[in-house]
Amino acid sequence: MLEWFIPPVLIVGAALVPNKKLANWEYNLKHIYKHSWLVPIGKARKVIYHNFEQYPHLLVGGTTRFGKTVFLKSLFTSLLFSNQERVRFIILDLKGGLEFSKYRNIPQVQHFAKDIVDACKVLDHVYKLIKLDEERYLKNNWSNVTDTPIKERTFIIVDEAAELAPKLVNKQYKKYAELAQVYLGEIARIGGGLGYRLIFCTQYPVREAVPAQVKMNMVARVAFRMAERVGSMVILDETGADELEPIPGRAIYKIAEKKEIQCPFINDEMIGRLIYESRKNRNDIKNH
Ligand SMILES: Nc1ncnc2c1ncn2[C@@H]1O[C@H](COP(=O)(O)OP(=O)(O)OP(=O)(O)O)[C@@H](O)[C@H]1O
Ligand SMILES: [Mg+2]
């Protein structure tokens, strides 16, 4: 209302000040809660949490080098430490296993695949588990895992989902990719209610990389910077990610509304240290 009163030079100056509320920040375990499936995903003014009990699946997309894998690793760390005895991971690290293979031997990681053939075998296994669970739920008259005594949750993390897209893979792998699409679609469609959470991430935000059945069942979306509007449309169903500042870790989190966030920074050294300290503490307690 009083804008006319502010000298123009101050207005221009303010526009040049970096957005302080979206500054870079480091991942810290102080933001997680034991036995909660609320996971810190970024900061706006305050820490923003994603609730995996309310919105079981997450669609993640963005151009290369803007922070998708760092984001996945922060989710992995939060889930691991908030629910050490309750979380299970199935990791499809389709960039040749380069990002997550160092975690494949921790007890919570049940299956790990680094190529499309292995990914299909793992997804086939998950699908069979889902079908068995479905029968168990029917027998017990359960309709959603949140209303059952079951405390365990299984997270299927797919880093570079385009490697499973029939139109984008080499001809020889097309059949595998088609099968993978069916399994992923079923996990998204019926897995959520049974305690399976799909985190589906792609650097190629094109329609062919995100199967319709998966997208349809994913309410929560995270979009990092995209060069093109069409990429934003694929992940968010609206523009916005194409207008983000090109800063690693800057993203839009969308459920009903879009919110701009800065995701926490974490790297393998930090995760390694946290795992080492937690094992050491457990041994110290045992040795007492
Ligand atoms: N939240 C963050 N805060 C600060 N820097 C970040 C953040 N996320 C990522 N970066 C920086 O950006 C680099 C690339 O991040 P990352 O590997 O997660 O990108 P990506 O989107 O997975 O890329 P690609 O599509 O090539 O796999 C990181 O090595 C790190 O230096
Ligand atoms: Mg990556």
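## Around Ala180

Leaving aside neighbours within four places in sequence, Ala180 is in contact with five residues: Ile116, Ala119, Cys120, Leu123 and Leu164. The model that shows these contacts is a predicted one.

Ala180 also belongs to the largest nonpolar core, which has 71 residues. The residues with the most contacts inside this core are Ala119, Ile156, Ile157, Ala180 and Ile199. Helix H3, residues 116-140, gives the core its largest share, eight residues.

## The protein as a whole

The chain forms seven helices and 10 strands. Its radius of gyration is 20 Å, while the globule rule gives 19 Å for 288 residues; the two values are close, so the protein is as compact as a globular protein of that length. The C-alpha trace spans about 70 × 60 × 40 Å along the principal axes.

Of the 288 residues, 40% are buried. A residue counts as buried here if 20 or more other C-beta atoms lie within 10 Å of its own. Among contacts with a separation of 6 or more, 68% are between residues 24 or more positions apart.

## Strand E3 and its two partners

Strand E3 covers residues 58-61. Leu58 and Val60 point one way from the strand, and Leu59 and Gly61 point the other way. Are these residues buried or exposed? All of them are buried.

E3 runs parallel to strand E7, residues 196-202, and four bridges join the two. Within this pair, Leu58 stands opposite Ile199. Ile199 is also one of the residues with the most contacts inside the largest nonpolar core.

Strand E8, residues 220-224, is likewise parallel to E3 and joined to it by four bridges. Here the bridge partner of Leu59 is Arg221.

## Helix H2

Helix H2 runs over residues 68-82 and has 15 residues. From its first C-alpha to its last it reaches 21 Å, close to the 21 Å expected at 1.5 Å a residue.

Why can H2 be called largely enclosed by the rest of the structure? The reason is that 12 of its 15 residues are buried. The buried residues of H2 include Phe71, Leu72, Leu75, Phe76, Leu79 and Leu80. Lys68, Lys73, Ser74, Thr77, Ser78 and Ser82 are also on the list of buried residues.

Definitions and conventions:
Residues numbered from 1 in each chain as written. Chains lettered and ligands numbered in written order. Predicted model: local features only at pLDDT ≥ 70, side-chain atom pairs only at ≥ 80, totals over all residues. Rg over C-alpha atoms; globule rule 2.2 N^0.38 Å. Contact = placed C-beta atoms within 7 Å. Pairing = 2+ DSSP bridges. Expected span 1.5 Å × (residues − 1). Core = buried A, V, L, I, M, F, W, Y, C linked by C-beta atoms within 7 Å.
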